[in-house]
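Work through the following exercises with the sequence and the coordinates side by side. Each task is followed by a solution that goes step by step.

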Amino acid sequence: MNKEKNKELIRAIKFALFSASAGIIELGSFTLLNELTDWSYWPCYLIALVLSVIWNFTLNRKFTFKSANNVPIAMLKVFAYYCVFTPATTFLGNYLAETLLWNEYIVTILNMVLNFVTEFLYDKYVVFKDSIDTNDVAQKEAAKKEQKENK
């Protein structure tokens, strides 16, 4: 496996692990809201989604994509993604859970899987496209690698 493919595989694995931690936050907060309130599906889902997005963006920007790009601009790009993703999954999820009576946890997990795949692609090719491996973490790794090669 060449170095670039290996690097991208590691990037995908990091994204998956950080997304899993965001998934735990989303499912945990959704469960608390769903079980402890009498709210319908959509506010529970929406609040849980926002919490997980903030967590996921922060970790993936710093450690997965190692981006030094402008945070507000990157956040606006992620916000644009969620301006499409959130209404679509909120309305569809609410329809599946409230009208078709699908289990709300299955609906939430399906939304999370869809989010995982589409957000990785969007982050990689839109949000962080020109700034991957430009932050302090990436620079330190590059310096260590160069130092090793010069020995």
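**Exercise 1.** In which helix does alanine 22 lie, and is alanine 22 buried or exposed?

*Solution.* This is a predicted model, in which local features need pLDDT of at least 70 and side-chain atom pairs count only at pLDDT 80 or more, while totals for chains, interfaces and linings use all residues. Residues are numbered from 1 along each chain as its sequence is written, and side-chain values use heavy atoms, with hydrogens and water left out. Alanine 22 belongs to helix 1, where helices are DSSP runs of H or I with at least four residues, strands are runs of E with at least two, and numbering starts at the N terminus. Its relative accessible area is 5%, so alanine 22 is buried; buried means under 20%, exposed over 50%, and partly exposed in between, with a 1.4 Å probe and protein chains only.

**Exercise 2.** Determine how helix 1 and helix 4 are arranged, and classify the residues in their contact.

*Solution.* Two packed helices are described by the angle between their axes and the distance between the axes. Helix 1 covers residues 3-36, and its axis comes within 10 Å of that of helix 4, with a crossing angle of roughly 145°; the axes are lines fitted to C-alpha atoms over the stretch in contact, and angles run from 0 to 180 degrees between N-to-C directions. By class, this contact of helix 1 with helix 4 has ten nonpolar, five polar and eight charged residues.

**Exercise 3.** Which residues are joined into one network by salt bridges that share partners?

*Solution.* Apply the criterion for a salt bridge, namely a side-chain nitrogen of Lys or Arg within 4 Å of a carboxyl oxygen of Asp or Glu; the structure holds six of them.

1. Lysine 7 pairs with aspartate 133 at 3.0 Å, N to O, and this pair links helix 1 to the loop between helix 4 and helix 5, 126 residues apart.
2. Glutamate 8 meets arginine 11 at 3.2 Å, N to O, and both lie in helix 1, three residues apart.
3. Glutamate 8 also meets lysine 124 at 2.7 Å, N to O, which connects helix 1 with helix 4 across 116 residues.
4. Sharing of partners joins Lys7, Glu8, Arg11, Lys124 and Asp133 into one network.

As for accessibility, glutamate 8 and lysine 124 are both buried, and arginine 11 counts as buried because its relative accessibility is 4%, whereas lysine 7 is partly exposed at 38% and aspartate 133 is partly exposed at 22%.

Technical notes
Nonpolar A, V, L, I, M, F, W, Y, C, P; charged D, E, K, R; others polar.
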